[in-house]
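Welcome to a short tour of a protein chain. Have a look at the picture below, and then we will go through it topic by topic.

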Amino acid sequence: MSARISVIPDEFRRNGSFTDGAAWLAGLLLLAALLIVFPRPVLAAPDAPPVYRVAPGDRLNITVFGQAELTGESMVDGANTVAVPLIGAVPVRGLSIKEIEQRIAQRLSDGYVQKPVVSVRLIEPRPIYVVGDVKTSGSYPYRYGISVMGAVALAGGFTVTEEQAQAVLRTDYLQADERVRTLETTRAALQARRIRLEAQRDGRTAPDFGELIGPGAPNEQLTQIIKGEQEMLAFQNTSLQQQIETLEQQDPKLQTVKSFLEEQLAAEKRQLELIQKHLIDYNALLTSGLARRYTGIELQREEARNRGNIARFSGDMSGNDITRGELALRIQQVRDAYQRQVRTELQDTLQRIAEVEASLPTARATRELRLRQVGFVAEVGAEPRRALFVTRTVDQKTETFSVNDGSPLEPGDILRVERLREPDRSAEPVSIAVR
C-alpha cells in the first residue's frame with residue numbers, strides 16, 4: 001500500500017473542515033504568485049570606504065597571538081618595509097592592513113610559527129605637511145577627518161593679516177629705498193671729495209664740480225656737499241700757507257744776521273791787513289834798533305785776536321747758512337707732508353667710492369624686489385586672495401590638485417598655501433610717498 005502525502009494541516013484534519021484548508025492553500029498560492037509578479041526590492045549596500053594603503057611614516061602595531069616576543073610596534077621605513085622579529089624586513093609597498101597580516105602570517109608559517117594568527121593595526125598614520133603662506137610650516141600629526149582649514153589652523157593660521165602685511169612690506173620698501181638714497185648721497189659726497197683732493201694734489205685753487213651737477217638745478221643736499229668741500233679746500237690751503245709763511249718769515253732775520261756777519265768779517269779782515277802792515281814796519285825798525293820789543297809783542301797779540309774774530313765770524317756765517325738751509329728743508333717738508341696727506345686721503349676716497357658703487361646694484365635690486373612685493377598686499381580690510389593645493393601620492397603616482405577650505409586631507413598629503421598677487425595692481429604703488 002503506497003503512502004499518501006497530505007498537505008492539509010492536522011488541525012484541519014482533526015476538525016474535518018477540508019473547505020477551510022482549501023481556502024488557506026489557495027491564499028498561499030496567491031501570495032506566491034504576487035511575489036513572482038512583484039519581487040521584493042533589494043536594498044543597495046552602502047559604498048565601502050577606500051582601502052587604506054600604507055606608506056613610509058605609518059606606525060603599525062603587529063600582534064602575533066601567543067607570541068609575545070613577536071608582538072610590538074613598527075614604522076614603515078623609506079624602503080616601504082616593516083621590521084618583524086625572526087623574519088626581518090617585510091616589504092609592504094602599496095599593501096592594505098589585511099594584506100600585511102596575510103604576508104606576515106605567510107612568512108612566519110614558513111618554518112617559524114605553526115598556524116600563526118596575526119593582527120595588524122594602524123596606530124599612527126603618516127603626518128601631513130603644510131607649507132607656504134602660513135605662520136609655521138612643517139609636518140603635523142594626521143587627525144581623521146581633518147580638513148584643509150584644520151591643517152592651516154595646526155600651522156598657526158595664515159602668516160599675517162593684510163594690514164600687518166601692508167605695514168611690514170611698506171616698511172621694508174621704505175628701508176630699502178632709504179638704503180639706496182643713502183648710498184647715492186654717500187657716493188656724491190665721496191665724488192665731491194675726490195674732485196677737491198685732485199685739485200689740492202694739482203695745486204689748483206678752484207676745483208670743477210660740474211660733473212656732479214646734472215641737467216637742471218642741483219638739489220639742496222648736493223649744493224651743501226659742494227659748499228662744504230669748497231670750504232674745506234680753502235681752510236686747508238690757508239693752513240698750509242700760514243705754516244709756510246711762518247717759516248719763511250725767519251729767512252729775512254737770518255739774512256740780516258748774515259749781512260751783519262759779513263760786515264764784521266770784512267772789518268776784521270781790513271784790521272788784520274793794517275796790523276800786518278804795522279808788523280812789517282815794526283820788524284824793519286826792530287832790525288835797525290829803533291823799536292822796542294814790547295810793542296811788537298802787542299802787535300802780535302792784536303793780530304792773533306783779529307784772526308780769532310775772523311774765524312768766529314766765518315763760523316757764524318756758516319751756521320747762518322746751515323740754518324737757512326734747514327729752514328728751506330722744513331718748508332719743503334711741510335709741502336711734502338701736505339701732498340702725502342692729500343694723496344692718502346684721495347686713495348682712501350677712491351676705495352670707498354668703489355665699495356659704494358659695488359653695493360648700489362644690490363641695494364637697487366632689493367628696493368625693486370620690495371616694491372614688487374607691495375603689489376601682493378590687498379587694501380586694508382580686503383580679503384586676501386590665496387590658492388590652496390594638495391600634493392598626494394596614490395599607487396606610487398604623485399599628483400597636485402587645487403582644493404578649497406573644507407576639502408578633506410589624507411595621511412601624507414602636502415598642503416601648499418599661496419598668496420596671489422592683486423591683478424589690478426601695477427609694480428609701483430601710487431599710495432607710497434617716499435620723499
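Let us start with one small pairing: L60 has S74 in β2 as its bridge partner. Please keep in mind that this is a predicted model. The chain around this pair holds eight helices and ten strands, and the notes below visit some of them.

**The chain as a whole**

- The protein chain has 435 residues, and buried residues make up 30% of them.
- Among the contacts with a separation of 6 or more, 64% join residues that sit 24 or more positions apart.
- The chain exposes about 28600 Å², and carbon and sulfur atoms supply 54% of that area.

**The sheet of three strands**

- Three strands make an open sheet, in the order β2-β1-β5, with antiparallel pairing.
- The edges are taken by β2 (72-75) and β5 (118-124), and each has a single partner strand, so one side of each has no neighbour in the sheet.
- From one strand to the next, the twist averages 30°.
- Strand β1 covers residues 59-64, and four bridges join β1 to β2 in an antiparallel run.
- Which residue of β2 stands opposite N61? The answer is E73.
- On the β5 side, β1 pairs in the antiparallel sense over six bridges, and I62 stands opposite V120 there.
- A general point helps when you look at any such sheet: in a regular strand, side chains alternate between the two faces of the sheet.

**A helix across that sheet**

- Helix α3 lies across β1 and β5, and runs at about 135° to β5.
- One residue of α3 (residues 97-109) is E101.
- Is E101 buried or exposed? With a relative accessible area of 13%, E101 is buried, because the cut-off for buried is under 20%.
- Setting aside neighbours within four places in sequence, E101 is in contact with V118, S119 and V120.

**The sheet of five strands**

- Five strands make another open sheet, ordered β7-β6-β10-β8-β9, and the pairing here is mixed.
- The edge strands are β7 (138-140) and β9 (397-402), which each pair on one side only.
- Neighbouring strands of this sheet are turned by 20° against each other on average, with direction ignored.
- Strand β6 (residues 128-132) is joined to β7 by three bridges, and the two run antiparallel.
- Within this pairing, I128 stands opposite Y140 in β7.

**A nonpolar patch on the surface**

- Y129, V131 and I414 form a nonpolar patch on the surface, and together they have about 220 Å² of accessible area.
- I414 belongs to strand β10 (residues 414-419).
- The relative accessible area of I414 is 34%, so I414 counts as partly exposed.

**Salt bridges**

- Side chains of opposite charge can pair when their charged atoms come close.
- The structure holds 22 salt bridges, and some of them appear in the points that follow.
- The side chains of D251 and R324 meet in a salt bridge, at 3.1 Å from N to O.
- D251 lies in helix α7 (residues 250-288) and R324 in helix α8, so this pair ties together parts that are 73 residues apart in sequence.
- D251 is partly exposed at 26% relative accessibility, and R324 is partly exposed at 24%.
- D321 and K258 also meet through their side chains in a salt bridge, at 3.5 Å from N to O.
- Here D321 is in helix α8 and K258 in helix α7, so the pair ties together parts that are 63 residues apart in sequence.
- D321 is partly exposed, with a relative accessible area of 37%, whereas K258 counts as buried at 18%.
- E302 forms a salt bridge with R305, and their closest N and O atoms are 2.2 Å apart.
- Both E302 and R305 lie in helix α8, three residues apart, which is about one turn of the helix.
- A network of salt bridges links R59, E73 and E124.

**One more stop in helix α8**

- R352 is found in helix α8 (residues 293-374) and is partly exposed, with a relative accessible area of 35%.
- How far apart are R352 and Q191 in sequence and in space? They are 161 residues apart in sequence and 9.9 Å apart in space, C-alpha to C-alpha.
- Not counting residues up to four places away in sequence, R352 touches T186, L190 and R193.

Conventions:
Residues are numbered from 1 along each chain as its sequence is written. This is a predicted model: local features need pLDDT of at least 70, side-chain atom pairs count only at pLDDT 80 or more; totals for chains, interfaces and linings use all residues. Side-chain values use heavy atoms; hydrogens and water are left out. Buried means under 20% relative accessible area, exposed over 50%, partly exposed in between (1.4 Å probe, protein chains only). Contact means heavy atoms within 4.5 Å. Accessible areas come from the Shrake-Rupley method with a 1.4 Å probe; for residues, only the protein chains shown count as cover. Patches are made of residues with over 30% relative accessible area and no salt bridge: like charges are joined within 9 Å, nonpolar side chains (Val, Leu, Ile, Met, Phe, Trp, Tyr) within 5 Å. A salt bridge is a side-chain nitrogen of Lys or Arg within 4 Å of a carboxyl oxygen of Asp or Glu. Two strands pair if DSSP finds at least two bridges between them. Axes are lines fitted to C-alpha atoms, for helices over the stretch in contact, and angles run from 0 to 180 degrees between N-to-C directions.
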